[in-house]
Amino acid sequence: NIALPDTKVFPTGTYVTMEGPQFSTRAESNMHRKAWDAQLIGMTAGTEAKLAREAEIAYCIVGLVTDYDCWHEAEANVDAMSVIEILKKNGNNVQIFTGEVVKQL
């Protein structure tokens with residue numbers, strides 16, 4: 001278990017890959033959440049996971065979440081600038097996480 005400052009860790013979940021770069025519509029976001037029970041929506045990990053499985057390589061996703069997508073009406077709308085701001089904050093945590101994972105190998 002790796003402790004990261006001001007970070008929630010969810011060890012399991014369902015990931016949906018969408019074509020991008022683009023933001024979901026509210027209808028798409030609700031479909032992913034309600035019909036497919038997805039907790040994460042992204043644009044890249046599906047291809048990576050498929051290739052790893054074909055090569056019989058162990059694989060896991062470390063998702064650095066940037067927003068709630070558009071389904072969460074109490075949160076501000078998603079835009080590129082807010083995503084970039086959160087990505088910068090996530091940079092420190094991913095460095096800590098990667099260092100701790102390497103120590104455990």
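**Exercise 1. Classify Ile84 by its accessibility and place it in the chain.**

Step 1. Ile84 counts as partly exposed because its relative accessibility is 39%; buried means under 20% relative accessible area, exposed over 50%, and partly exposed in between (1.4 Å probe, protein chains only).

Step 2. The structure is a predicted model, in which local features need pLDDT of at least 70 and side-chain atom pairs count only at pLDDT 80 or more, while totals for chains, interfaces and linings use all residues. Residues are numbered from 1 along each chain as its sequence is written, and side-chain values use heavy atoms, with hydrogens and water left out.

Step 3. Ile84 is found in helix H3, which covers residues 80–104. Helices (H or I, at least four residues) and strands (E, at least two) are DSSP runs, numbered from the N terminus.

**Exercise 2. Find the salt bridges and describe each pair.**

Step 1. Apply the criterion: a side-chain nitrogen of Lys or Arg within 4 Å of a carboxyl oxygen of Asp or Glu. Searching the whole structure gives two salt bridges.

Step 2. One of them joins Glu85 to Lys89, with the closest N and O atoms 3.7 Å apart. Both residues lie in helix H3, four residues apart, about one turn of the helix.

Step 3. Glu85 is partly exposed because its relative accessible area is 47%. Lys89, with 54%, is exposed.

Step 4. Lys103 forms a salt bridge with Glu100, and here the closest N and O atoms are 3.2 Å apart. Lys103 and Glu100 are three residues apart in helix H3, so about one helical turn separates them.

Step 5. A relative accessible area of 63% makes Lys103 exposed, whereas Glu100, at 28%, counts as partly exposed.

**Exercise 3. Describe the whole protein chain.**

Step 1. List the elements: the protein chain has three helices and two strands. Along the sequence they follow the pattern β-α-β-α-α.

Step 2. Give the extent: the C-alpha trace spans about 40 × 35 × 20 Å along its principal axes.

Step 3. State the burial: 16% of the 105 residues count as buried.

Step 4. Examine the contacts, meaning heavy atoms within 4.5 Å. Among contacts in the protein chain with a separation of 6 or more, 67% are between residues 24 or more positions apart.
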